[in-house]
Amino acid sequence: MVEGPVSAEVIRVIDGDTILVTARPWPQQSVEVYVRLRGIDTPELKSKCARGQEAAEAAKHFLEEMAGASSTVKLTRISADKYFGRIVADVVLQDGRDPAREMMAAGFAASYSGQGRKNDFCQLASNE
């Protein structure tokens, strides 16, 4: 694990819990990398149900409002993700907010430890 902080510029929001950034881990070095926000899970854009897809779009839009393109963020507690080519990190916005915490507080994300199965938002929606 890399403690950070590592400065990064947001290129784009991929979905409600993943952003693409250009990170600068060392002076005069930059790397483009997908960053999963540590501790949360949001509905998938390719969800099996319409309600899941709508929730995924809403989560993505909410994250875009907070951390849209050209935003500067700080990455800390950086570690490898279980999917090749992506990292998991705590992300702090330029104004000091934690987007993962904001997503959960607004109801767009569920807590996720990275272990076990992710939340099935279509099943959760059908149980409401």
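In which sense, parallel or antiparallel, do strand 5 and strand 6 pair, and over how many bridges? In this predicted model, the two strands run antiparallel and are paired over 6 bridges. Ser79 has Val88 of strand 6 as its bridge partner. The connection between strand 5 and strand 6 is a hairpin with 5 residues between the strands, and Gly85, located in the turn, adopts a positive phi of about 90°. Strand 6 is mostly covered, with 6 of its 8 residues buried.

Both strands have further pairing partners. Strand 5 (residues 72–80) is joined to strand 1 (residues 6–15) by 4 bridges, again in the antiparallel sense. Within this pairing, Glu9 is matched with Thr72 of strand 5. Strand 6, in turn, is joined to strand 3 through 4 bridges, and these two strands run parallel. Leu37 stands opposite Ala89 of strand 6. Strand 1 also pairs with strand 2 (residues 18–24), to which it is joined by 7 bridges in an antiparallel arrangement. Ser7 is placed opposite Arg24 of strand 2, and a hairpin with 2 residues between the strands links strand 1 and strand 2.

The largest nonpolar core comprises 25 residues. The members that touch the most other members of this core are Ile19, Val21, Val35, Leu63 and Leu75. Two or more residues are contributed by each of strand 1, strand 2, strand 3 (31–37), helix 1 (50–67), strand 5, strand 6 (86–93) and helix 2 (99–105). The surroundings of Leu63 were examined with its neighbours within four places in sequence left aside. On this basis, Leu63 is in contact with Val13, Asp15, Gly16, Asp17, Thr18 and Ile19, among others. Its contacts also include Leu37, Gly68, Pro99 and Met103. One of these residues, Ile19, is listed with Leu63 among the core members that touch the most others.

Charged side chains were considered next. A search of the whole structure identified 6 salt bridges. One of them is formed by the side chains of Asp90 and Arg77, with an N to O distance of 2.9 Å. Because Asp90 belongs to strand 6 and Arg77 to strand 5, this pair ties together parts that are 13 residues apart in sequence. Asp90 counts as partly exposed, at 23% relative accessibility, and Arg77 is likewise partly exposed, at 36%.

A salt bridge also links Asp81 with Arg86, where the closest N and O atoms are 2.5 Å apart. Asp81 has a relative accessible area of 15% and is therefore buried. Arg86, at 18% relative accessibility, also counts as buried, since the cut-off for burial is under 20% relative accessible area. Elsewhere, salt bridges that share partners join Asp17, Arg36 and Asp41 into one network. Within this network, the side chains of Asp41 and Arg36 meet at 3.4 Å, N to O, and both residues are buried. Asp17, the remaining member of the network, is also one of the residues in contact with Leu63.

Methods
Residues are numbered from 1 along each chain as its sequence is written. This is a predicted model: local features need pLDDT of at least 70, side-chain atom pairs count only at pLDDT 80 or more; totals for chains, interfaces and linings use all residues. Side-chain values use heavy atoms; hydrogens and water are left out. Two strands pair if DSSP finds at least two bridges between them. A nonpolar core is a set of buried Ala, Val, Leu, Ile, Met, Phe, Trp, Tyr and Cys residues joined through side-chain atoms within 4.5 Å. Buried means under 20% relative accessible area, exposed over 50%, partly exposed in between (1.4 Å probe, protein chains only). Contact means heavy atoms within 4.5 Å. A salt bridge is a side-chain nitrogen of Lys or Arg within 4 Å of a carboxyl oxygen of Asp or Glu.
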